[in-house]
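Biologist: I keep reading labels like "salt bridge" and "buried" and never quite know what earns them. Can we go through one model and put each label to the test?

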Amino acid sequence: MGLGKRGKRERGQANGKLPATAGALHGESATPTKRSAQLRPPGRSLRQLLRDLANVPHSRQRAAQLLEWLIAPISLQQFFGHYWEKKPLLIHRHSPGYYQDLFSTAELDAILRDQDVQFGVNLDVTSYEDGKRETHNPVGRAMPAVVWDFYKNGCSLRMLNPQAFSSTVWHFLSILQEQFNSMVGANTYLTPAGTQGFAPHYDDIEAFVIQLEGKKHWRIYSPRNAAEVLPQLSSHNFNQTEIGEPILETVLEAGDLLYFPRGFIHQGDCLPDAHSLHITVSSYQRNSWGDLLEKLLPAALQMAIEEDVEYRQGLPVDYLEYMGIVNSDAADPRRVAFMQKVSALITKLMDYAPVDAAVDQRAKAFLHDCLPPVFTENEKALSIYGHPARWENGNVQNVDVQIKEKTQVRLLRYGIVRLCNERDGMFLYYTTENSRVYHKESSKYCEIEPEYIDSIELLLSSYPKYVSVEDLPCATLDDKIALATVLFEKGLLITKNPLLSI
């Protein structure tokens with residue numbers, strides 16, 4: 001049942017003292033950078049920023065501005081040029097309230113009381129003592145009395161998908177995901193004073209640790225070897241003897257940020273005088289060149305085999321006599337010719353590589369991963385969600401979607417759709433009907449008949465400008481209105497002006 005931490009009323013303090021010195025100890029290529037924002041005027045609150053972003057016309061610009069706010073005072077050019085996938089970045093902001101609108105312990109408490117939070121699905125209870133990490137999840141709903149009893153007795157609380165419960169976290173991540181073109185997720189971590197909840201480990205994601213409340217002592221370690229640089233998978237839990245000395249040791253306080261790439265080992269523990277609440281925002285899981293090639297190369301090989309007889313010709317009848325490990329050191333001209341042939345065939349594969357199709361398949365998977373967009377009030381008024389259809393005076397009113405030839409429309413956001421050419425036809429994948437719970441719903445799509453493809457492409461290329469329905473390159477006006485109506489009803493289009501009641 002994992003109840004060992006309940007009812008235990010006294011606990012020792014772990015890692016209560018810091019070394020006299022902290023900072024980058026070795027490794028120039030991975031040397032972290034510390035930045036201080038103490039001389040800068042306070043930035044906009046997240047609440048105000050989200051309101052301001054609603055007035056930015058292009059969703060990619062919204063995403064860029066949100067990331068700029070997250071990592072200020074570092075510019076996007078500096079970040080992607082010097083830190084992204086390369087080395088940690090530490091920002092001591094000296095502004096405790098900078099991130100306070102994102103999430104709080106009070107909001108976690110309200111979520112536990114008002115929503116169906118399940119142990120092991122939405123919330124983990126963990127501890128790390130004497131080099132051993134344990135999970136203490138009961139079965140069923142995480143009731144406040146049970147959760148807070150675990151916390152009182154020294155356990156950390158990890159919420160696995162706060163975006164499913166917090167509208168602000170959902171809004172924040174749904175904008176940011178368009179900056180990375182990769183799923184952006186989050187976990188929150190609430191840790192009691194003087195404790196540690198997790199063993200040292202590295203992850204398979206790019207991590208932004210955002211300190212929301214209290215403070216936490218962090219140690220960051222370089223990848224141990226070349227194979228652990230930018231790994232595809234997360235590590236097991238390490239013990240202290242396996243990881244060497246940290247390249248960065250610091251205390252994050254509310255308003256601070258720590259970024260580190262995948263593969264950097266990390267551990268955090270609370271000091272004896274304060275609890276810690278932080279949220280880790282993550283992205284770029286399995287989003288490497290290698291991951292693309294894993295899909296692309298088998299498809300290229302299959303196409304080459306189907307279309308090129310050279311790939312179907314038989315191997316030399318005597319190749320086993322000079323190839324293989326047992327013959328690897330043999331000075332045989334037949335080996336040289338064999339290796340040259342293999343190299344030529346691999347090089348020639350590029351002629352058959354369906355690169356664009358493979359990228360579209362990754363985009364399709366990304367759209368399935370995406371959070372649904374959060375509509376601004378103005379977007380609601382101009383979308384299907386603001387349509388005046390209703391029940392009134394014992395009857396249905398204004399049920400027809402009044403899109404006309406002069407109606408001006410555009411996509412809701414740039415990143416909410418992807419047109420993919422598949423074996424069975426052209427399909428438009430979209431995110432507006434996704435769930436806030438990861439993959440709770442299957443991929444959402446609609447098949448696009450050939451005569452509508454040019455119109456979809458026009459809507460994509462014109463964004464964020466509006467297009468008159470009459471200018472859609474369909475054969476007839478009825479087709480233009482029909483296409484615009486379907487896309488509007490899916491929440492993919494908004495109109496320049498609210499549709500009128502009739």
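Modeller: Sure. Let's start with the term itself: a salt bridge here is a side-chain nitrogen of Lys or Arg within 4 Å of a carboxyl oxygen of Asp or Glu. In this predicted model, Asp308, Glu310, Lys341 and Lys348 are joined in a network of such bridges. Searching the whole structure turns up 25 salt bridges.

Biologist: What makes Arg62 and Glu379 a salt bridge?

Modeller: Their side chains come to 3.2 Å, N to O, and the cut-off is 4 Å, so the pair qualifies. This bridge ties together distant parts of the chain: Arg62 belongs to helix α2 (residues 59-71) and Glu379 to helix α10 (residues 377-381), 317 residues apart.

Biologist: Why is Arg62 called buried?

Modeller: Buried means under 20% relative accessible area, and Arg62 has 6%, so the label holds. Glu379 has 3%, so Glu379 is buried too.

Biologist: How do you know that Arg418 and Asp360 are bridged?

Modeller: The closest N and O atoms are 2.8 Å apart, which is within 4 Å, so this counts as a salt bridge. Here again distant parts of the chain are linked, with Arg418 in strand β15 (residues 417-422) and Asp360 in helix α9 (residues 355-369), 58 residues apart.

Biologist: Are those two buried or exposed, and why?

Modeller: Asp360 has a relative accessible area of 16%, under 20%, so Asp360 is buried. Arg418 is at 31%, between the 20% and 50% limits, so Arg418 is called partly exposed.

Biologist: What makes Glu206 and Arg262 a salt bridge?

Modeller: The side chains meet at 2.6 Å, N to O, so the 4 Å limit is satisfied. Glu206 sits in strand β7 (residues 206-221), while Arg262 lies in the loop between β9 (257-260) and β10 (265-269), 56 residues apart. Glu206 and Arg262 are both buried.

Biologist: On to helices. Why are α2 and α6 called roughly perpendicular?

Modeller: α2 and helix α6 (residues 167-180) pack at about 105°, with their axes 8 Å apart. Roughly perpendicular covers 65 to 115 degrees, so the angle earns the name.

Biologist: Which residues of α2 meet α6?

Modeller: On the α2 side they include Arg62, Leu66, Leu67 and Trp69. Among those on the α6 side are Phe172, Ile175, Leu176 and Phe180. The residues of this contact divide into ten nonpolar, two polar and three charged.

Biologist: How do you know that the length of α12 agrees with what is expected?

Modeller: Helix α12 (residues 477-489) has 13 residues, and at 1.5 Å a residue they should span 18 Å. The end C-alpha atoms are 18 Å apart, so the two values agree. Just after α12, Gly491 has a positive phi of about 80°.

Biologist: Which residues of α12 are buried?

Modeller: Lys480, Leu483, Ala484, Thr485, Leu487 and Phe488. These buried residues pack against β16 (425-430), α11 (453-462) and β19 (493-495).

Biologist: And the whole protein: how many helices and strands are there?

Modeller: Twelve helices and 19 strands. Of the 502 residues, 50% count as buried. The C-alpha atoms fill a box of roughly 90 × 75 × 50 Å, taken along the principal axes.

Terms used:
Residues are numbered from 1 along each chain as its sequence is written. This is a predicted model: local features need pLDDT of at least 70, side-chain atom pairs count only at pLDDT 80 or more; totals for chains, interfaces and linings use all residues. Side-chain values use heavy atoms; hydrogens and water are left out. Helices (H or I, at least four residues) and strands (E, at least two) are DSSP runs, numbered from the N terminus. Buried means under 20% relative accessible area, exposed over 50%, partly exposed in between (1.4 Å probe, protein chains only). Axes are lines fitted to C-alpha atoms, for helices over the stretch in contact, and angles run from 0 to 180 degrees between N-to-C directions. Angles under 35 degrees count as roughly parallel, over 145 as roughly antiparallel, 65 to 115 as roughly perpendicular and the rest as oblique. Contact means heavy atoms within 4.5 Å. Ala, Val, Leu, Ile, Met, Phe, Trp, Tyr, Cys and Pro count as nonpolar, Asp, Glu, Lys and Arg as charged, and the others, Gly among them, as polar. The expected span of a helix is 1.5 Å times one less than its number of residues.
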